[in-house]
Amino acid sequence: MVDRRRRAVRTALVREALRVALAARGRVDPGAGLDIVDLGGGTGGFAVPLAVEGHRVTVVDPSPDALASLERRARDEGVSELVRGVQGDAAELPGLAGESSADAVLCHGVLEVVDDPVQALQAMASVLREGGVLSLLVAQRNAVVLARALAGHLAEARVALQDPDGRWGANDPMPRRFDEAGISAQLADTGFMVHAVHGVRTFADLVPSAFVDSEAGAAESLAELERTASQHPAFRALATQLHILATR
């Protein structure tokens, strides 16, 4: 139960912002579902709910096990005809999804691990129709610097602050992290216009699980705090992740 509550808090802001962006895109053709590509969408945590809302979603993921789970989840929700799973990665995206085929592309937690982030962004741009929406979620450098310092790993915090990829050392499992200025520049260089940036998981990773589980209304209060702080520049700079909405 704790994990579900905490996951819900962590994803609520992203889901809300994405819903608003898709609704704006949907006004181009009112009443019709959108064509959405979810790069690295795995088991369908975002894809299946979007299909339930009437959108057509193609999930591109390298894991056959994740795609099998996606198929089961879509079947259980009665939206198998709206969800398509395709095995592949960012480099193959234009060939798998089709150029200028999507109204929106989701890329959540993927840009950190691809071989070439710029190439991946170019691939996403190529599958979007004109005015299409990119929902991008990336790990932020500042948060890991703070986390390593608070854990007493001061040398690692300093390394993460200075490392070009925001890594705290050779044993860091994350290949790269971003800061707002850097990822915004990469988006501009690949033809995207940034419309909104939200800080995600500013407090959700810090508040003790026992408190979220035991205190009545704590999860709701935490979600509201996250929502309020998400666009405040000072707190956004400390968020674990950045959620960026951009258009092509």
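**His-243**

I began with His-243 and found it in strand 7, residues 241-247. I kept in mind that this is a predicted model.

Is His-243 buried or exposed? I looked up its relative accessibility, which is 1%, so His-243 counts as buried, the cut-off being under 20%.

Next I wanted to know which residues His-243 touches beyond its sequence neighbours. I noted Val-14, Ala-17, Leu-18, His-108, Ser-135, Leu-136, Leu-137, Ala-196, Val-197, His-198 and Val-200. I also checked Gly-199: its C-alpha is 6.3 Å from that of His-243, although 44 residues separate the two in sequence.

Which side chain does His-243 meet in a polar contact? I found Ser-135, at 2.8 Å.

**His-108**

I followed Ser-135 onward and came to His-108, whose side chain makes a polar contact with that of Ser-135, given as 2.8 Å. I placed His-108 in strand 4, residues 102-108. His-108 has 15% relative accessibility, so I wrote it down as buried.

My contact list for His-108, leaving out neighbours within four places, reads Val-14, Leu-39, Phe-46, Ser-135, Leu-136, Leu-137 and His-243. I was pleased to see His-243 turn up there, since I had already met His-108 among the contacts of His-243.

**Rings and charges**

How many aromatic pairs are there? I counted one. Phe-203 and Phe-235 form it, and the pair is tilted, with 5.7 Å between centres and 50 degrees between planes. I traced the partners to distant parts of the chain, 32 residues apart: Phe-203 is in the loop between strand 6 (193-200) and helix 9 (209-214), and Phe-235 is in helix 11 (residues 233-236). Phe-235 shows 34% relative accessibility, so I marked it as partly exposed.

I then looked at arginines over rings. Arg-15 lies over the face of Phe-46, 4.2 Å from the ring centre; I had seen Phe-46 earlier as a contact of His-108. Arg-148 lies over the face of Trp-168, 4.3 Å from the ring centre.

**Helix 6**

Arg-148 took me to helix 6, residues 141-150, where I found Arg-148 buried along with Arg-141, Ala-143, Val-144 and Val-145. I reminded myself that an α-helix has 3.6 residues a turn, so residues three or four places apart point the same way.

What do the buried residues of helix 6 pack against? I found strand 5 (128-139) and helix 7 (154-162).

My last look was just past the end of helix 6, where Gly-152 takes a positive phi of about 90 degrees.

How values were computed
Residues numbered from 1 in each chain as written. Predicted model: local features only at pLDDT ≥ 70, side-chain atom pairs only at ≥ 80, totals over all residues. Heavy atoms only, no water. Helix = DSSP H or I, 4+ residues; strand = E, 2+ residues; numbered from the N terminus. Buried < 20%, exposed > 50% of the residue type's maximum accessible area, 1.4 Å probe, protein only. Contact = heavy atoms within 4.5 Å. Polar contact = N/O pair within 3.5 Å; in protein donor to acceptor, adjacent residues only side chain to side chain. Phe/Tyr/Trp six-rings, centres within 6.5 Å; stacked < 30°, edge-to-face > 60°. Lys NZ or Arg CZ within 6 Å of the ring centre and 35° of its normal.
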